[in-house]
Amino acid sequence: MRFLQIATLVGLAGLWTNCSDDSLNAGPAPQPIDGGATFPNLTLDGILSVATVDTPAVVSMSEYQDPTGARYDLLHVIGIFMWCPHCNNETNNLAGIAAWRAANRVAVVQIAMEGYGGASPTWSELQKWVSDHNVDFPVLIDSQGAQLGQYFSVNYVPVNIVVNPRTMEILAVDVGEVGDCQTYEQGFLNAL
């Protein structure tokens with residue numbers, strides 16, 4: 001019995017190594033794309049918001065390109081694992097500032113790479129995630145990071161990618177829970 005408890009703790013510690021907040025300083029995750037590059041035009045299936053939780057959607061990142069600045073001032077893309085507590089915390093934080101994000105023209109897109117059990121997300125897991133977190137932004141499925149992983153290191157989550165929607169230029173790639181999403185996003189808005 002004691003061996004089983006130790007084995008379980010070691011296994012859980014292994015899961016947490018890929019899930020981080022910025023205060024834990026989990027170590028650098030190499031990023032193939034640095035700030036200044038153009039965000040790739042990924043196209044993924046998912047759900048647009050809790051209001052459309054039963055309706056599948058296809059979202060292309062080109063939909064967020066806004067050269068005239070008519071719709072968005074900032075795009076925040078987050079790669080997540082559904083089982084990650086830091087991804088859950090950050091999602092709750094983002095859902096809690098929906099009115100602020102709308103007023104400040106900040107678009108958010110989440111890309112789910114692993115479901116609750118660590119395998120690729122299923123449709124029912126995606127529906128549960130969107131409903132449980134009451135999100136007002138798209139949550140898309142990228143099985144095991146097959147698409148996002150071609151451009152960014154997706155071994156540590158959440159992966160926060162901040163993009164200027166006018167140019168689709170990547171302003172920052174940050175690994176780990178950012179904590180206060182409003183302060184994080186406001187900092188980029190102030191710098192534009």
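Colleague: With which residue does Lys128 form a salt bridge?

Modeller: A salt bridge is a side-chain nitrogen of Lys or Arg within 4 Å of a carboxyl oxygen of Asp or Glu. Lys128 and its partner are 4 residues apart in helix α4, so about one helical turn separates them (helices are DSSP runs of H or I, at least four residues, and strands are runs of E, at least two, numbered from the N terminus). With closest N and O atoms 2.6 Å apart, the partner of Lys128 is Asp132.

Colleague: What is the mean pLDDT of the protein chain?

Modeller: This is a predicted model, in which local features need pLDDT of at least 70 and side-chain atom pairs count only at 80 or more, while totals for chains, interfaces and linings use all residues. Residues are numbered from 1 along each chain as its sequence is written, and side-chain values use heavy atoms, without hydrogens and water. The pLDDT is the predictor's confidence in each residue, from 0 to 100. In this chain 82% of the residues reach 70 or more, and the mean is 86.

Colleague: Is Arg101, which forms a salt bridge with Asp136, buried or exposed?

Modeller: The closest N and O atoms of Arg101 and Asp136 are 2.5 Å apart. Arg101 lies in helix α3 and Asp136 in the loop between α4 and β5, so the pair ties together parts 35 residues apart in sequence. Buried means under 20% relative accessible area, exposed over 50% and partly exposed in between, with a 1.4 Å probe and protein chains only. Asp136, at 38%, is partly exposed, whereas Arg101, at 3%, is buried.

Colleague: Which residue meets Asp73 in a salt bridge?

Modeller: The distance from N to O in this pair is 2.9 Å, and the partner is Arg105. Asp73 lies in the loop between β2 and β3, and its partner in the loop between α3 and β4, so parts 32 residues apart in sequence are tied together by Asp73 and Arg105.

Colleague: With which side chain does the side chain of Glu114 make a polar contact?

Modeller: Glu114 is in strand β4, and it is buried without a salt bridge. A polar contact is a pair of N or O atoms within 3.5 Å; within protein, one must be able to donate a hydrogen and the other to accept it, and residues adjacent in sequence count only if both atoms are side-chain atoms. At 2.6 Å, the side chain in polar contact with that of Glu114 belongs to Trp83.

How values were computed:
Lys and Arg count as positive and Asp and Glu as negative; His and the chain ends are not counted.
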